[in-house]
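Please find below a colleague's note on the model, set out as numbered points. It is best read with the coordinates open alongside.

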Amino acid sequence: MGIFRFKQFEVENTQSAMKIGTDAVILGAWMNCMPEDATLLDIGCGTGIISLMAAQRTPAAEIHAIDIDSVSCDEAKTNFSRSPWNGRLHVRNISFQEYVSQKSAGSIVFDHIFSNPPYFTNALKCPEERKRQARHNDILSFAELIKGCHTLLSPSGRVSLIIPESEYAGLIKECEGMFRIFRECSVLTSTKRPPKRKLVELRKINGTEAGETTVTAESITIQEKGKYTQEYISLTKDFHPFF
């Protein structure tokens with residue numbers, strides 16, 4: 001895969017450990033991007049696709065992207081430099097754990113953190129080391145991800161993730177006492193198959209919010225009879241050039 005063209009930007013996709021897929025696009029379109037957001041963080045940015053989608057959707061936010069893979073960071077940097085938002089997109093080659101450990105008084109706090117994280121637990125490992133790091137959570141566990149996000153977020157901050165449906169219960173367990181589920185969306189590749197992915201928006205538990213349990217639950221089907229559904233088209237039409 002070479003150049004992937006969207007309506008307002010393009011993404012070179014030849015060197016990153018993980019290639020552009022539906023997971024990244026659907027998360028970038030589904031997650032809440034608010035006009036008042038000032039600072040955003042993309043964990044495991046890969047090519048930078050979700051950061052670019054966030055930049056398109058926010059008028060002035062500074063977006064910081066990190067990845068443990070240096071080659072992916074180089075490709076993201078190239079993609080950022082070619083976009084209309086180059087001045088507010090920043091990429092750094094660093095692990096999330098190290099990034100969190102460097103937090104100090106006066107450092108950046110984020111309004112929104114998003115990630116298409118390494119999420120396979122106890123799964124057959126990919127033989128390619130770079131791709132294995134991108135796909136499996138022995139490099140970044142849910143426990144480390146959730147605890148780190150809690151440290152880096154502002155008091156009203158939120159986290160947006162896409163994970164396999166099978167990993168949802170494990171994620172929720174790690175959120176106890178720190179985050180509550182605010183929105184969730186089951187992602188079906190077709191109506192004939194069970195949900196494959198889960199989109200989740202987490203919000204920090206702050207005082208009186210601890211007792212709130214209301215969750216906005218949704219679902220979206222990507223294709224039906226070999227064609228994109230109207231709900232998927234409506235969600236992603238601002239990005240895909242063929243919609």
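**Notes on helix α7 and its surroundings**

1. On the face of α7 that is turned away from its buried side, the exposed residues are Ala169 and Lys173. The model under discussion is a predicted one, and the remarks that follow should be read with that in mind.

2. The buried residues of α7, by contrast with those just named, are Tyr168, Leu171 and Cys175. Around the axis they cover an arc of only 65°, which puts them on the same side of α7. As general background, an α-helix has 3.6 residues a turn, so residues three or four places apart point the same way.

3. What do the buried residues of α7 pack against? Their partners are the helix α6 together with three strands, namely β7 (153–164), β8 (179–188) and β9 (197–204). After α7 comes Gly177, a residue whose phi is positive, near 85°.

4. The pairing of α6 with α7 deserves its own point. Two packed helices are in general described by the angle between their axes and the distance between the axes. Here the axes of α6 (residues 142–152) and α7 (residues 168–175) cross at roughly 40° and come within 9 Å. Because angles under 35° count as roughly parallel and those of 65 to 115° as roughly perpendicular, this crossing makes α6 oblique to α7. The crossing of the two helices is right-handed.

5. Which residues meet where α6 and α7 are in contact? From α6 the contact involves Phe142, Ala143 and Ile146, while α7 supplies Gly170, Leu171, Glu174 and Cys175. Sorted by class, this contact has five nonpolar residues, one polar residue and one charged residue. Leu171 and Cys175, which take part in the contact with α6, are also among the buried residues of α7.

6. A separate remark concerns Thr214, which is found in the loop between β9 and β10 (216–221). Is Thr214 buried or exposed? With a relative accessible area of 65%, Thr214 is exposed, because the cut-off for that class is over 50%. Leaving aside residues up to four places away in sequence, Thr214 touches Arg180, Ile181 and Phe182. Between Thr214 and Arg183 there are 9.0 Å in space, C-alpha to C-alpha, although the two are 31 residues apart in sequence.

7. For the wider setting, the protein chain has eight helices and 12 strands, and buried residues make up 48% of its 243 residues. Among contacts in the protein chain with a separation of 6 or more, 71% are accounted for by residues 24 or more positions apart.

Terms used. Residues numbered from 1 in each chain as written. Predicted model: local features only at pLDDT ≥ 70, side-chain atom pairs only at ≥ 80, totals over all residues. Heavy atoms only, no water. Axes fitted to C-alpha atoms, helices over the stretch in contact; angles between N-to-C directions. Helix = DSSP H or I, 4+ residues; strand = E, 2+ residues; numbered from the N terminus. Parallel < 35°, antiparallel > 145°, perpendicular 65-115°, else oblique. Left-handed = near helix turned anticlockwise from the far one by under 90°. Contact = heavy atoms within 4.5 Å. Nonpolar A, V, L, I, M, F, W, Y, C, P; charged D, E, K, R; others polar. Buried < 20%, exposed > 50% of the residue type's maximum accessible area, 1.4 Å probe, protein only. Arc of directions from axis to C-beta.
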